[in-house]
Amino acid sequence: MWSAGVNPQLTAEFEKRAAAFLADPDRINKLVKVFSITVGDKDTLALAGSKNLAQLLDSRGIQNKLEIGGGGHTWIHWRRYLNEYAQVLFR
């Protein structure tokens with residue numbers, strides 16, 4: 001996920017909608033090769049939500065990696081994230 005997440009104010013609603021996903025961390029950890037959450041430190045639209053999502057997944061035992069890089073909510077950063085993610089995904 002790039003510059004995305006769960007708005008902290010909507011966490012309970014997200015947990016209801018994603019109950020099946022969140023309920024079976026062993027299954028998810030086997031199915032999902034890389035669960036990467038990447039956001040820029042200046043991304044005022046998504047930083048809090050990305051941190052919240054990572055914390056929520058951690059609390060449920062779902063493996064994920066939160067990476068906070070430099071930059072904001074712009075395509076140039078997502079382009080860099082794609083390059084970095086593709087290298088990890090296809091190892």
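In the predicted model, Val-88 is located in helix H5, which spans residues 75-89. The relative accessible area of Val-88 is 34%, which places this residue in the partly exposed class. Along the sequence, Val-88 is 54 residues apart from Val-34, yet the C-alpha atoms of the two residues are 7.9 Å apart in space. A contrasting case is the pair formed by Gly-40 and Leu-10: these residues are 30 residues apart along the chain, and 21 Å separates their C-alpha atoms.

Gly-40 belongs to strand S1, a segment that comprises residues 36-40. With a relative accessibility of 0%, Gly-40 counts as buried. Burial extends over the whole strand: five of the five residues of S1 are buried, so S1 is largely enclosed by the rest of the structure. The side chains are divided between two directions, with Ser-36, Thr-38 and Gly-40 pointing one way and Ile-37 and Val-39 the other way. Both sets are buried. Ser-36, also in S1, has a relative accessible area of 8% and is therefore classed as buried, the limit being 20%. The side chain of Ser-36 is joined to that of Thr-38 by a polar contact of 3.3 Å; these two residues point one way from the strand, together with Gly-40.

Strand S1 pairs with strand S2 (residues 65-69) in the parallel sense, and the pairing comprises five bridges. The connection from S1 to S2 passes through helix H4, giving a β-α-β crossover that is right-handed. Within the pairing, Val-39 has Ile-68 of S2 as its bridge partner, and Gly-40 stands opposite Gly-69 of S2.

Twelve residues constitute the largest nonpolar core: Val-6, Phe-14, Ala-18, Leu-22, Ile-28, Phe-35, Ile-37, Leu-53, Ala-54, Leu-56, Leu-57 and Ile-62. The largest contribution to this core, four residues, is made by helix H4, which covers residues 47-60. Ile-37 is a member of the core and is also one of the two residues that point the other way from S1 relative to Ser-36, Thr-38 and Gly-40.

Phe-35, a further member of the core, is buried at a relative accessible area of 16%. This residue takes part in the one aromatic pair of the structure. Its partner is Phe-21; the ring centres are 6.5 Å apart and the planes form an angle of 55°, an arrangement classed as tilted. The pair links distant parts of the chain, since Phe-21 is in helix H2 (residues 19-23) and Phe-35 is in the loop between helix H3 (25-31) and S1, 14 residues apart. The two rings fall into separate accessibility classes: Phe-21, at a relative accessible area of 28%, is partly exposed, whereas Phe-35 is buried.

Three salt bridges are present in the structure. One of them is formed by Arg-60 and Glu-15, with a distance of 3.0 Å between the closest N and O atoms. This pair links distant parts of the chain, with Arg-60 in helix H4 and Glu-15 in helix H1 (residues 11-17), 45 residues apart. Both partners are partly exposed, the relative accessible area being 33% for Arg-60 and 25% for Glu-15. Helix H4 thus appears in three of the contexts described here: the nonpolar core, the crossover between S1 and S2 and the salt bridge of Arg-60 with Glu-15.

A second salt bridge joins the side chains of Lys-42 and Asp-41, at an N to O distance of 3.6 Å. Lys-42 has a relative accessibility of 58% and counts as exposed, while Asp-41 is partly exposed at 39%. In the remaining salt bridge, Lys-65 is paired with Glu-67, and the closest N and O atoms are 3.8 Å apart. Here the lysine, Lys-65, is exposed with a relative accessible area of 52%, and the acidic partner, Glu-67, is partly exposed with a value of 30%. Both residue numbers fall within the range of S2, residues 65-69.

Conventions:
Residues numbered from 1 in each chain as written. Predicted model: local features only at pLDDT ≥ 70, side-chain atom pairs only at ≥ 80, totals over all residues. Heavy atoms only, no water. Core = buried A, V, L, I, M, F, W, Y, C linked by side-chain atoms within 4.5 Å. Buried < 20%, exposed > 50% of the residue type's maximum accessible area, 1.4 Å probe, protein only. Salt bridge = Lys/Arg side-chain N within 4 Å of Asp/Glu carboxyl O. Polar contact = N/O pair within 3.5 Å; in protein donor to acceptor, adjacent residues only side chain to side chain. Pairing = 2+ DSSP bridges. Right-handed = clockwise from strand over helix to strand, strands pointing away. Phe/Tyr/Trp six-rings, centres within 6.5 Å; stacked < 30°, edge-to-face > 60°.
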